[in-house]
Amino acid sequence: MQSYSGADIIITLLERQGIKTIAGIPGGANLPIYDALARNGRIRHVLARHEQGAGFIAQGMTRVSGEVQVCFATSGPGATNILTAIADARLDSIPIVCITGQVPSSLIGTDAFQEVDTYGLSIPITKHNFLVRNVSELLSVIPEAFRIAASGRPGPVLIDVPKDVQQACIEIETWPEPGRPDPIPGADRAALIEAASMINAAQRPVFYIGGGVVASGASKALLALCEKGSIPVTPTLMGLDAIPADHPLNIGMLGMHAARYTNQALHACDLLVAVGSRFDDRATGRVESFCPTARIIHVDIDPSEIDKIKPSSIGITGDARQVLEAWLPEIRETDRSEWTGEIERLKQAFPMEFPGADDPMTAYGVIRKTAALL
């Protein structure tokens, strides 16, 4: 058997998880981890200029790769700086693992130099967090952090590792298996069939889609379903790339930053199918006035989101992709030209206006010109 330090165990387990790039900033309390990272030589490190940046780099890599990514910070100001990125990952359901250094165990609670209660501070803004007390705990904590981050509704997990735990050594005979997400339980079949019947019967339905559609890889199923039923789609900011911007059924983002015609169409719809979205205040405005005549079907992987803000006629707990794929054979091909025509008339009457869009010296113009060049 070979002896490994806690820091070497962390880096080895991260490599076994498939981590190839880590963003972070070194400091006194996490230098052993950085020494181990240098010894490893196979994981690339991106030196951020601020720990918050390291957290957002990890978020970006997660969004692009679809896999849990990692960021590092030291104790004290390093940990407090990265909290904003962690809180953002929690609100946007982005799975990342943040590993922070901490003062030695014997100094915890003594107001030592650059000591803050990282564990306590991160409780409200993480999906789960760990304060590692013994080097052997790392063998279970690291894989468990990845499992938790990616299972169910994704989110950030923080691991706080005291410096003495990073430096302590143990012998390891076998390495644990990498942490993998739990299997996704299937949605209730009866609820799926009932919801499909409601969609088929609706005259003015709208799909309201959020980041959950993107996270589950459900864009293809969404497009096939909406094209089959001629159902308009309105995405949230997090769901913008779930459907092509120029698709005729895409009626644009809803809510505060939407075109007037989009919100008017929602006001007139008779069925709102919310998938992977959470009825955020920027989307709904005054909740009691949002889609006042519509029945609501709400699909979300997190059961606590169902009926949290807006009561639903049918709530379905499940993965967005699995639900949409299950609906596909149940949804009838329907001519909804009257409804889509009404939305087109609203679009013509209340267009989204961009003053100066053709002049690159204006605010709208420079963004459009940049987009065209890209």
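**Helix packing in a predicted model**

Reader: Hi! Is the crossing of α8 and α13 left-handed or right-handed?
Author: α8 passes α13 in a right-handed crossing (the near helix is turned clockwise from the far one by less than a right angle; anticlockwise is left-handed). Helices are DSSP runs of H or I with at least four residues, numbered from the N terminus.

Reader: Before I go on, what am I looking at here?
Author: This is a predicted model, where local features need pLDDT of at least 70, side-chain atom pairs count only at pLDDT 80 or more, and totals for chains, interfaces and linings use all residues. Residues are numbered from 1 along each chain as its sequence is written, and side-chain values use heavy atoms, leaving out hydrogens and water.

Reader: Thanks! At what angle do α8 and α13 pack?
Author: About 60°, with the axes of α8 (residues 189-201) and α13 (residues 320-327) 10 Å apart. Axes are lines fitted to C-alpha atoms over the stretch in contact, with angles from 0 to 180 degrees between N-to-C directions. The pair is therefore oblique (not under 35 degrees, roughly parallel; over 145, roughly antiparallel; or 65 to 115, roughly perpendicular).

Reader: Which residues meet there?
Author: On α8, R189, L192, A195, A196 and I199 meet V323, A326 and W327 of α13 (contact is heavy atoms within 4.5 Å). By class, this contact of α8 with α13 has seven nonpolar residues, no polar and one charged. Ala, Val, Leu, Ile, Met, Phe, Trp, Tyr, Cys and Pro count as nonpolar, Asp, Glu, Lys and Arg as charged, and the others, Gly among them, as polar.

Reader: And how do α10 and α13 cross?
Author: At roughly 30°, with the axes of α10 (residues 219-229) and α13 coming within 9 Å. That makes α10 roughly parallel to α13, and their crossing is left-handed.

Reader: Nice. What does α10 bring to α13?
Author: A221, L222 and L225 of α10 meet L324, E325 and W327 of α13. The contact of α10 with α13 holds five nonpolar residues, no polar and one charged.

Reader: New topic: where do the axes of α3 and α4 come?
Author: The axes of α3 (residues 51-65) and α4 (residues 77-91) come within 7 Å and cross at roughly 30°. These helices are therefore roughly parallel to each other, with a right-handed crossing.

Reader: Which residues make that contact?
Author: From α3, E51, Q52, G55, F56, Q59 and R63; from α4, G78, N81, I82, T84, A85, D88 and A89. Here the contact of α3 with α4 has four nonpolar, six polar and three charged residues.

Note on methods: Helices (H or I, at least four residues) and strands (E, at least two) are DSSP runs, numbered from the N terminus.
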